[in-house]
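Got the viewer open? Here is a short tour, with a list of things to select as we go.

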Amino acid sequence: MPGDFTVLIMAAGKGTRMRSPVPKVLHPVCGKPMVEWVIDAAREAGAGAVVCITRPGDGVAEGLPESVTVAEQRAGEGTGAAILAAREGGPAEGPVLVLSGDHPLLSAELIGRLMDTHGRERAAATLLTTEELDPAGYGRIIRTADGSVERIVETKYTEGLSSEELATREINIGTYAFESSELWSALDEIGEERGEIYLTGVFGILREHGRRVISHLTTDVSSAMGVNTRADLMEVDRIAVRRILDHHAREGVTFLGPDSTRIEAGVTVGADTTVWPGVTLRGGTTIGAGCEIGPQTTITDSALGDGVKAVHSFLCEATVEAGASLGPFAYLRPGAQIGAGAKIGTFVEIKNSNIGSGAKVPHLSYMGDADVGENSNIGAGNITANYDGRRKHRTTIGDDVKSGVDTSFVAPVSVGDGAYTGAGSVIAEDVPDGALGISRSEQANVEGYAERKEKPPE
Ligand code: UD1
Ligand code: MG
């Protein structure tokens, strides 16, 4: 039943073991903040309101999507104190899902199954548990003789715990469904332990009041992976990358080197595209269908049309239309717009420039702040002198232009349609349509020079 449960995400833990000025839950996992994975999974599972619990001034609220409500944990320590902070804005009754902001791999499917179990069994509380992990340090599920959940025993500190409690393998993952009214009244009765209010204390209380507490056992270990250190982050990121590649592969993308390929969460890739080893696709990049990307190509926040080839290239905030070819060793900087079927070749850098459809910049050139028309051919080693030391100026090159090798365009300057430039020219004056612009000193040949030079002195 989509939209009929509220989600409370606990994200006010200290996260000091990350050793970072960035709050733990905002560290990116495959390009998306950790807590946003949790939010997205909840939404995909059909959540209504999403409330995220943060600490005043910890910077987490600023990093959240606008659709999320923030509740500040101003008082108390522990997961129980976190949930109490959401009481005022939270639902008085109806189902509520409690998640941890540092469990980014929890899947929407598993949330769905947990909510189904909870609804079907009409439970006061349903907790997600697993027997697949090393239980050390986790809350353990203690059951009664008839098999129902009796309480949770925290095992971070082991003194005073019985051997049966410590032998229990089933652990609390920290993901729960509650009937809200039951949650709030049980929380009212909880005391402090070691200076903290443990949310897990509510299960024993509910049980004592004769309420139904059940568990949903899962073998999905990744859903239980909490991030406390950068080592945990690295492991979670590795799994997230592979999930993303699997998703694209199922949608028709071929990966020839998946272990050296990284695609971030916000990237789209069209069907029948082939991704070679050493490729990184970042941010909001979109790749069309039938492209050949890589080997060794990094693309950030760029849009590529269908049938584009990009070999050993580096792109950032560039647009490349269908059928264009890039590299090897092309560098496209912000504002590079490459038209359909154009070719940007080897050791070519393009910045804030439009390269017309069918145009070619094949070798060793820099086009900065330039407009190159359709089907023009830029000779090897052409450079736009776009910066006069204070300001940037544009170079305009028309359609069907053929520039000679080693032409410098001293901007602002324009070259008309169908014009030519002579090899080695410094073009500082406009060239009319169809003209040849040439500017270089005349060649003089000094006859007999070598013989004179090489003659031994007398
Ligand atoms: C918790 C559970 C434990 C379970 C484990 C699973 C409790 C008491 N124990 O332990 O049974 O096996 O998760 O990973 O709940 N948080 C706040 N405010 C706080 C403290 C924590 O918002 O004052 C948030 C954290 O950011 C985190 C979540 O609550 O997202 C869990 O807190 P954490 O300290 O990691 O609890 P654990 O000791 O791991
Ligand atoms: Mg934890």
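Keep in mind that this is a predicted model. Start by selecting helix α1 (residues 34-44) and helix α3 (residues 108-120): they pack at an angle of about 55°, their axes 8 Å apart. That angle is why α1 counts as oblique to α3. Turn the view until you look through the pair, and you'll find that α1 passes α3 in a right-handed crossing. Now show side chains at the contact: Ala41, Ala42 and Glu44 come from α1, while Ala108, Glu109 and Ile111 come from α3. Colour them by class and you get four nonpolar residues, two charged and no polar ones.

Next, stay on α3 alone. Its 13 residues reach 18 Å from first C-alpha to last, close to the 18 Å expected at 1.5 Å a residue. Which residues of α3 are buried? Select Ala108, Leu110, Ile111, Leu114, Met115, Thr117 and His118. To see what covers the buried residues of α3, bring up the surroundings, including α1, β6 (95-100), β7 (125-130), β10 (171-179) and β11 (213-217). Before leaving, step just past the end of α3 to Arg122, which takes a positive phi of about 50°.

For the last stop, jump to Thr421 in strand β39 (residues 420-421). Buried or exposed? Thr421 has 5% relative accessibility, so it counts as buried. Leaving aside residues up to four places away in sequence, Thr421 touches Lys402, Ser403, Gly404, Thr407, Phe409, Ile427, Leu436 and Gly437. Select those around Thr421 and have a look.

Conventions. Residues are numbered from 1 along each chain as its sequence is written. Chains are lettered from A and ligands numbered from 1 in the order in which they are written. This is a predicted model: local features need pLDDT of at least 70, side-chain atom pairs count only at pLDDT 80 or more; totals for chains, interfaces and linings use all residues. Side-chain values use heavy atoms; hydrogens and water are left out. Axes are lines fitted to C-alpha atoms, for helices over the stretch in contact, and angles run from 0 to 180 degrees between N-to-C directions. Helices (H or I, at least four residues) and strands (E, at least two) are DSSP runs, numbered from the N terminus. Angles under 35 degrees count as roughly parallel, over 145 as roughly antiparallel, 65 to 115 as roughly perpendicular and the rest as oblique. A crossing is left-handed if the near helix is turned anticlockwise from the far one by less than a right angle, and right-handed if clockwise. Contact means heavy atoms within 4.5 Å. Ala, Val, Leu, Ile, Met, Phe, Trp, Tyr, Cys and Pro count as nonpolar, Asp, Glu, Lys and Arg as charged, and the others, Gly among them, as polar. The expected span of a helix is 1.5 Å times one less than its number of residues. Buried means under 20% relative accessible area, exposed over 50%, partly exposed in between (1.4 Å probe, protein chains only).
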